[in-house]
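I opened this notebook to record what I looked up in the structure below. My entries concern the ligands and the domains.

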Amino acid sequence: MKNIDSYTHLRGESVYLDDIPMTNGTLFCAVFDSPIAHGKIKLLDTAEATTMAGVVRIFTAADIPGENQIGGIIPDEELLANTHVHFCGMPIALVVATSDEAARAAIKKIKVEIDPLPIITDPREAKGKGELIIPPRTFQLGDTTNAWSKCDYILEGQTETNGQEHLYIETQGAYAVPQENGAFRIYSSTQGPTAVQRTVARVLNLPMNQVEVDTTRLGGGFGGKEDQATTWAVLCALASYHLKKPVKYSLHRMEDMRMTGKRHPYSSDFKIGLSKELKILAYEATFYQNAGAAADLSPAVMERTLFHCNNTYFIPNVKATAFCCRTNLPPNTAFRGFGGPQGMFVIEAAITKAADALNIPASEIQQKNLLQTGDEFPYGQIADSEANECWNKADEQFNIKELQKGVDEFNASNKNHKKGLAIMPICFGISFTKTLMNQARSLVHVYTDGSVAVSTGAVEMGQGVNTKMLQVAASVFSIDPSKIKINTTNTYRIANTSPSAASATADLNGIATEIACTTILQRLKEVAAEELKTELSSVEIKNERIYIDGKATDWDWNKLVMAAYVKRISLSELAHYTPPGIHFDATKEKGHPFAYHVYGTSITTVTVDCIRGIYEVDAVKVVHDFGKSMNTMIDIGQCEGGIVQGIGWMTMEEIIYDKEGKLRSNALSTYKVPDIYSVPKEITIQSLTTEKNNLAIFRSKAVGEPPLMYGIGAYFALRNAVKAFNPTTVIPFDAPMTPEKVLMSLYPNT
Ligand code: MTE
Ligand code: HPA
Ligand code: MOS
């Protein structure tokens, strides 16, 4: 089935925040944010700005009726700076005016004097100064201390991975419209409508039932709107509360880049030990996570780094420790993979360092250590592994030896261009790592004309979740998809939702929808049995037709629905779903946190121009574990998008903050994302189709985040190409591998 949004997308008719018709009298706002990364506010002078044409009012922390607090996991983040600023871009004041332009013009007239305080931008420095947001955590399996003596090879090293700008095409934004009796409707470009609702209630000192949050769809979120969409919605609500007018804020790209957090940069240490047979016997890693100035989602992201520290390898002795380091950068946040990619980069670097030392391809070590079913993850869960299946199928389909031979032959006959190949096997756990978040509800109505409406907590952000929800309802009822409408995500229809995140949206909301539809279907079948005077077990509904013992009747779906209504049978259902069997004990750091894992193997080949340092990704060939995909077009689209986004993170996207904590890569002229010219010339996705029982919707495994990690292969492929040109060069594990870094590692001594 095609993505149900494709028709309106193509015609430009899909509704995003900026397409919502505005109510008469709508006001516009803009944030005045800190120009200094750390300091005490001495003076804030808004006098001149207030007199500017079109300015209605300027709000500061003093205007907040409830708590000046937006922290989700830890209450450590003010909405508007009160006495201190903690990062460049921290909101200090909110200008409300009759137009966007007037609000932004007034911002320039606000004056602030800040007594500077010491600025930390480096996570290791933060750790050294005791600036930790939460105490460190350690995941442990076996006993590394004793294992080192049994190792034949031991390697140590350090790695760096940089941040990543989400660059959702639709910038952050919200629109607050006051309702009667002091209530609010808030349109928000958010992955987490309930987080917006809860925080608006907290800041305005209102009960949650006074706050309706409505989300039609996002022009991309990628994790950047899981937590950080809240700020703008709450600011609009604050202004709307005081002025009793609708208030809108849709951020300029440079405001968005400057004021929002990104993927967490990490600095990490590793130590790896192997036997002569190339079995990894021991692995230790220490992760310094650059959290930024407040917790945001960092503790959860850090936890997922630990969960994925061994990627898809079985290692009997593991000790991984992570530090959540407070720095004076905008609070970093969720980004596709949620800390997993940062953990997986380090083990891949460790394996590569060992392979270099032994003068063998990394793939020899990778393959010998792939997880087997029954192996234990460092957090205690037992693997139901597809790692070898994916690797072996990739070898069958693509012939790794032949590909490597092609690369070697090319390199032997070309002096100034070199190719590199790398394999990237992945394993990603599906479930929110915080067990309680794994719950969802679905509200299904069947109307008397036979049409159906479905409401869930799922937010459509381009990943196609609405299409999947529609498929679930159409399949359970066995009716034409055109009979079904998916409603906007709204906190008045569905309460207490988890954000659409962790790749789990379709599973959680889809199974809730399946339950709701099945319950209604059962009632309809009971009506049919009664009306057609037969056993319930004889009744079947297929393609909108009622069958008895396999024989078609003259009853169709519409007739049955009307008959049920006449009999006063409920045609609505609100269903609740939580995946069974998941648990985690954070005091022991052991449990079974994931409903299941997604596996896969990618083979990446690149060509480096060894005169200029520029490069192309020739091909990414993948065998991906889809389970039994319920929508192959959408799922392959997710793979392609994830791969390109992962390659961008690993090769060209370079976030630069200076020592003063100012973002230098603050526009699209200084921050390069993959465009159509830099995507791989070839992306081939083959499916590992498994019929095994898993906890996925219709056994169709979650696909949103896992493919991003195939992009890590591009980093190691580039490294291999550089080494083909200059075998003795020493390349630090410092991602992204930009053309500048490639050039410097081609010619390290010039
Ligand atoms: N795909 C598109 N087109 N746009 C997005 O914003 N977000 C990614 C992924 N794929 C995203 C996307 C992220 S970070 C997650 S967690 C999942 O989609 C969320 O949706 P799902 O749970 O339905 O997979
Ligand atoms: N993934 C994404 N978002 C989250 C998670 C997670 O595991 N936990 C809390 N928020
Ligand atoms: Mo995705 S990072 O879990 O929004």
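I first fixed a term: a polar contact is a pair of N or O atoms within 3.5 Å, where within protein one must be able to donate a hydrogen and the other to accept it, and residues adjacent in sequence count only if both atoms are side-chain atoms. This is a predicted model, in which local features need pLDDT of at least 70, side-chain atom pairs count only at pLDDT 80 or more, and totals for chains, interfaces and linings use all residues. Residues are numbered from 1 along each chain as its sequence is written, chains are lettered from A and ligands numbered from 1 in the order in which they are written, and side-chain values use heavy atoms, with hydrogens and water left out.

**Entry 1: domains**

I looked up the domain assignment (bounds from an automatic or database assignment). The chain has domain 1 (6-12 + 28-117 + 172-250), domain 2 (266-433 + 587-746) and domain 3 (439-577). For domain 2 and domain 3, I found C-alpha centres 39 Å apart. Each of the two gives 20 residues to the contact, where contact means heavy atoms within 4.5 Å.

I then noted the buried area, that is, the accessible area (1.4 Å probe) that two parts lose on being put together, summed over both. Between domain 2 and domain 3 it is about 1500 Å², with 61% given by carbon and sulfur atoms. I counted six residue pairs in polar contact between these domains, both residues at pLDDT 80 or more.

Which side chains meet in a salt bridge? I found Lys468 and Asp635, at 2.7 Å from N to O. The term requires a side-chain nitrogen of Lys or Arg within 4 Å of a carboxyl oxygen of Asp or Glu. The rule finds one salt bridge across the interface of domain 2 and domain 3.

**Entry 2: ligand 1**

I listed the residues near ligand 1 (a heavy atom within 4 Å). There are 16 around it, and Gly221, Phe222, Met461, Thr505 and Gln638 come nearest. A backbone N or O atom of Phe222 is 2.9 Å from an oxygen atom of ligand 1, and a polar side-chain atom of Arg336 is 3.3 Å from a nitrogen atom of this ligand. The protein covers 92% of the 520 Å² of accessible area that ligand 1 has on its own, by the Shrake-Rupley method.

**Entry 3: ligand 2**

Around ligand 2 I recorded Glu226, Arg304, Phe338, Phe432, Thr433, Met437, Ala501 and Ala502. A polar side-chain atom of Glu226 lies 2.9 Å from a nitrogen atom of ligand 2. Taken alone, ligand 2 exposes 260 Å², of which the protein buries 98%.

Note on methods:
Accessible areas come from the Shrake-Rupley method with a 1.4 Å probe; for residues, only the protein chains shown count as cover.
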